[in-house]
Amino acid sequence: MMQNSDVKSKNEHSGYLTLVSWITGMGSLLFGYNTAVVNGALGFMAKPSQLGLSPWAQGVVSSGLTLGAAFGAVFGGPISDKIGRKKMLIWLGVIFTIFGVGCGLAPNTGTLITFRFILGLAVGAASGTVPVYLAEIAPAARRGRMVSMNQFLIVFGQFLVFGINALLGNLFGSNAGIWRVMVSLASIPGIALWIGMYAMPESPRWLTSKNKFAEALKVLYRIRSKAQAELELEEIKANNKKEEEEQEQAASFRDFKQNWIIQICITGGMLGVIQQFAGINSIMYYGSQVLVNAGFGSNAALIANVANGVFSCIGAIVGMYTVDKLGRKKLELTGLIFCGIALVTVGLIKTYAGTASWTPYAIMIIILVYIVIDQGTLGPVTWLLNSEIFPNRYRGLGTGITIFTLWIANFFVGLLFPPLMAAIGLANVFYIFAACCLLGAWFVVVRVPETKGVNLEDIESFFRSRYDKNYTGESKI
């Protein structure tokens, strides 16, 4: 009877954690939707009857959100440390809702750019807060899958907007103002995040950092067995006490002068740069142009671009179910090696068989394989590792710094890919991305720990044993 009761309790906890993942993941879905919505909306915005955007203005409208996201990632972490992960996500839901509608009602280009930048601040803050919240609330055995849900919902948001824009564009394309509906629809998942987070628990690790131990235990009872909850609370309290003994002041940028913390920032930041310079967003932002360059007609390229979203979702699902089985480091290395091979293969086909009748189809197939590999490896592992490697006390500010680096790398890939493709050709750009994959693989081998199944409190020992001269302990990894 006791065994049946334990199974029932375990299933209830598992179902509740799944609900937490989906509600919190609306922040990630909004990340994907808002970054990709201009892919189908810019053409309508640019019409004279609408905003009459010049090519330069189109670029600013598109990249303004990415620039805002970089700063949102930096400031979002300290704010979530101060007010809590739950309250932070509620306010982000409010911002997504209000300014999503605001973009749809924007009377002019300046207003649209301003609202897109503010949405970018929310996107950046969500990109840091969501994986941290999930990492802090998940049991070690499920942490990889729960945090990887973040990556799946990002790419699902991109796929969703590709499909919505294609549907609205085909059904109502005669009305140039349809772009206002496209951008306003982002308010719906914003409302889901805003309302849904009221029913979600606060992070137990954040609660203990504020000495709210009774509240933390209540949360743990909702998501763990009684014995697990009490044991985990004692582990968190012991780690907090250790950190308080080392330094009583709240974490600030001054703390990041310590070498071992700087090294964590370098590791996390470089993982973000590697993810972006592997080239995935050149496909997600400019997929149709890449396929036109490969030899497809414009209409065929637009249809194939929807496939990019489908295969991104497939890759994210694969990553979600393998990251806790294969491990973070092994998955990252596998992804970098095979992404590099795919990029070189596209480059060679384009260089030596650029005019062959089969070339466009071969390139499309390889790109789809590349998307599955990237979204199933580099995508989830980058966000997961950045949510894991910082000690509890430095996690909010630290992930803000590393994700800022990721967004800046994202910004430059989006900004430089079109002129580079025009100047040196698709093949040479892909060779550059492949070289970045090779350098990234070397960095992962040298610098990145394997965190699969490791308690968050034990990951710190890896970096301190390597980079802190005053540390007397040993690495537990």
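Begin by selecting Ala227, which lies in helix α12, spanning residues 226-246. The model on display is a predicted one. Is Ala227 buried or exposed? With a relative accessible area of 56%, Ala227 counts as exposed, because the cut-off for that class is over 50%. Keep Ala227 selected and add Gly335, which lies 108 residues away along the chain. A distance drawn between the two C-alpha atoms reads 38 Å.

**The surface patch**

Next, select Leu67, Phe71, Phe75, Ile79, Phe117 and Leu121 together and display their side chains. These residues make up a nonpolar patch on the surface, and their combined accessible area is about 490 Å². Which helices each supply at least two residues of the patch? They are α4, covering residues 55-83, and α6, covering residues 109-137. Helix α4 contributes four residues, the largest share of the patch.

Within this group, center the view on Leu121, which belongs to helix α6. Its relative accessible area is 30%, so Leu121 is described as partly exposed.

**Along helix α6**

Remain on helix α6 and move to Val132, which is also placed there. Val132 has a relative accessibility of 3% and therefore counts as buried, the limit being under 20%. Now add Thr399 to the selection. Although Val132 and Thr399 stand 267 residues apart along the chain, their C-alpha atoms are separated by 8.2 Å.

**The salt bridges**

How many salt bridges does the structure hold? There are four. For one of them, select Glu136 and Arg85, whose side chains meet with a nitrogen-to-oxygen distance of 2.9 Å. This pair ties together distant parts of the chain, as Glu136 sits in helix α6 and Arg85 in helix α5, 51 residues apart. Both Glu136 and Arg85 are buried. Add Asp81 to the selection to see a network of salt bridges that links Asp81, Arg85 and Glu136.

Proceed to Glu388 and Arg328, where another salt bridge is found, with N and O 2.7 Å apart. Here too distant parts of the chain are linked: Glu388 is in helix α18 (residues 378-388), Arg328 is in helix α16 (residues 328-352), and their positions lie 60 residues apart in the numbering. Glu388 is buried, as is Arg328.

Then select Glu460 and Arg464, which form a salt bridge whose closest N and O atoms are 3.3 Å apart. Both residues belong to helix α21 (residues 456-467), and because they are four residues apart, about one helical turn separates them. Glu460 and Arg464 are both buried.

**Two helix pairs**

The next stops are pairs of helices. Two packed helices are described by the angle between their axes and by the distance between those axes.

For one pair, color helix α5 (residues 85-105) and helix α9 (residues 187-196). Their axes come within 7 Å and cross at roughly 160°. How are α5 and α9 oriented, roughly parallel or roughly antiparallel? They are roughly antiparallel, because angles over 145 degrees fall into that class. The crossing in which α5 passes α9 is left-handed.

For another pair, color helix α13 (residues 259-277) and helix α20 (residues 426-447). These helices pack at an angle of about 155°, and their axes are 9 Å apart. The angle makes α13 roughly antiparallel to α20. The crossing of α13 and α20 is left-handed.

**Cys437 and Asn470**

Stay on helix α20 and select Cys437, which is found there. Cys437 counts as buried because its relative accessibility is 1%. Add Asn470, 33 residues away along the chain, and draw the distance between the two C-alpha atoms. That separation is 35 Å.

**Gly32 and Leu160**

Finally, go to helix α2 (residues 26-36) and select Gly32, which lies within it. Is Gly32 buried or exposed? Gly32 is buried, since its relative accessible area is 0%. Add Leu160 to complete the tour. Gly32 and Leu160 are 128 residues apart in sequence, and their C-alpha atoms are 8.8 Å apart in space.

How values were computed. Residues are numbered from 1 along each chain as its sequence is written. This is a predicted model: local features need pLDDT of at least 70, side-chain atom pairs count only at pLDDT 80 or more; totals for chains, interfaces and linings use all residues. Side-chain values use heavy atoms; hydrogens and water are left out. Patches are made of residues with over 30% relative accessible area and no salt bridge: like charges are joined within 9 Å, nonpolar side chains (Val, Leu, Ile, Met, Phe, Trp, Tyr) within 5 Å. Accessible areas come from the Shrake-Rupley method with a 1.4 Å probe; for residues, only the protein chains shown count as cover. Buried means under 20% relative accessible area, exposed over 50%, partly exposed in between (1.4 Å probe, protein chains only). Axes are lines fitted to C-alpha atoms, for helices over the stretch in contact, and angles run from 0 to 180 degrees between N-to-C directions. Angles under 35 degrees count as roughly parallel, over 145 as roughly antiparallel, 65 to 115 as roughly perpendicular and the rest as oblique. A crossing is left-handed if the near helix is turned anticlockwise from the far one by less than a right angle, and right-handed if clockwise.
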